[in-house]
Amino acid sequence: MCIDMSNSAIKFSPPDITELEIGLVCDALKSGWITTGPRTKEFESKISDYCGVSKTVCFNSATAALELTLRVLGIGKGDEVITSAYTYTASASVIDHVGARIVLCDTAKDSYEMDYEKLPNLITKKTKAIIAIDLAGVICDYEKLFVIVKEKKKLFAAKNDLQKQLGRIAVIADAAHSFGATQKNKRAGEIADFSCFSFHAVKNLTTAEGGAVAINFPQEIAEKLYEEYMLWSLHGQNKDALKKSQLGAWEYDIVKLGYKYNMTDIAAAIGLAQLARYEVLLAKRKTIVTQYDNAFKGTSIVPLSHYGDLYSSSGHLYLTRILGKSEKERNSVIEKMTGFGIATNVHYKPLPLFTAYKKLGFDIKNFPNAYAQYQNELTLPLHTMLLDRDVDFIAQKYLKSVKGV
């Protein structure tokens, strides 16, 4: 292992990098090809195989994957997209980026997921997509989402061929946390219409920066969508750098005014190494989650349930709620944990609490359940560099810190 964890502080989420990642990156650097090329294409293919989908497109972030999915769907001005109030800003900001209106749904009581009873009332003739959140690595209830969008089919007004093919609101998974998670024998990627993954530095599988979208459509349609994504991600250019590099193949066309969102082969090399190790990494995360769960049984610390008979989380984040504690008391616990040399976090501050969303007219008073989840939530370190003794130490100090407030 190449990460030095010898100091006393326990980090929140360092990357797990080994000689395999370093070796494949060196191979990429020596190959003479470091931007989007053969390694990126191989990574896309292996993700598709892993997730059980026809095609996958890699980008420089999950945010790019989400935004371009909206653009591929033709969503823009005059449209509405619904997402959760309890998520990171990227889930919602991309809606604004394409010119559509952000519609936020509160969570259900004592839940991190959208309130599926309130959701139907937010759907209008303008609704074109729902961006659901797989928080902490747990796949949300897409069965309920698909029931809801099918019940609302009569309201749906398609604006283009892809929307007509769907015949309903598109279901997009913000699967930034859930790569490798399963639900009823299906893996993240093969459940929603589009699943957008993050390979950021803190994610289970990292490419330093990066993301991907798994396209859950029949092969012929997926191939066409893949080409559309490629155009959007590289300035609307109809040849990528690899194709242009062939002798005499310099000429190209710009068929739309696109963006610069492509993944590099250097990033893909890291991803290929991580993917080769991924089942071991998932197993390690499950061991840590189980160790934490056992430590907190019968206490006021209530963790998110990561594993059950019909589902298995990717074990990305260890979310807990400290029952009976206020936001101020939760923050005091964070300070105490810092004093013990333990980095903790909060996932998430509901979007209506932020200035940018207040300016859009959102008020946290309209999202009481999301606020209730947030005010006593605390996230503990969960990463594959942790030793058993580290997990025991964190759990002991957390219990002590909670008892002291």
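I will go through the salt bridges of this predicted model, then one helix pair, and then a surface patch.

Before I start, residues are numbered from 1 along each chain as its sequence is written. Because the model is predicted, local features need pLDDT of at least 70 and side-chain atom pairs count only at pLDDT 80 or more, while totals for chains, interfaces and linings use all residues, and side-chain values use heavy atoms, with hydrogens and water left out.

Let me begin with the salt bridges, meaning a side-chain nitrogen of Lys or Arg within 4 Å of a carboxyl oxygen of Asp or Glu; by this rule the count comes to 16. One of them joins the side chains of Glu-223 and Lys-55, at 3.9 Å from N to O, and this pair links distant parts of the chain, since Glu-223 sits in helix α8 (residues 219–233) and Lys-55 in strand β1 (residues 55–59), 168 residues apart. Helices here are DSSP runs of H or I with at least four residues, strands are runs of E with at least two, and both are numbered from the N terminus. Glu-223 is partly exposed, with a relative accessible area of 32%, whereas Lys-55, at 19%, counts as buried; buried means under 20% relative accessible area, exposed over 50%, and partly exposed in between, with a 1.4 Å probe and protein chains only.

Another salt bridge brings together Asp-106 and Lys-118, at 3.6 Å from N to O, and both residues lie in the loop between β3 (101–105) and α5 (119–122), so the pair ties together parts that are 12 residues apart in sequence. Is Asp-106 buried or exposed? At 4% relative accessibility, Asp-106 counts as buried, while Lys-118, at 35%, is partly exposed.

Turning to the helix pair, the axes of α12 (residues 327–339) and α15 (residues 388–403) come within 9 Å and cross at roughly 135°. That makes α12 oblique to α15, where angles under 35 degrees count as roughly parallel, over 145 as roughly antiparallel, 65 to 115 as roughly perpendicular, and the rest as oblique.

Finally, Tyr-252, Ile-254 and Leu-257 make a nonpolar surface patch of about 330 Å²; patches are made of residues with over 30% relative accessible area and no salt bridge, like charges being joined within 9 Å and nonpolar side chains (Val, Leu, Ile, Met, Phe, Trp, Tyr) within 5 Å. Tyr-252 itself is found in the loop between α9 (241–244) and α10 (265–276), and is partly exposed, with a relative accessible area of 40%.

Methods:
Accessible areas come from the Shrake-Rupley method with a 1.4 Å probe; for residues, only the protein chains shown count as cover. Axes are lines fitted to C-alpha atoms, for helices over the stretch in contact, and angles run from 0 to 180 degrees between N-to-C directions.
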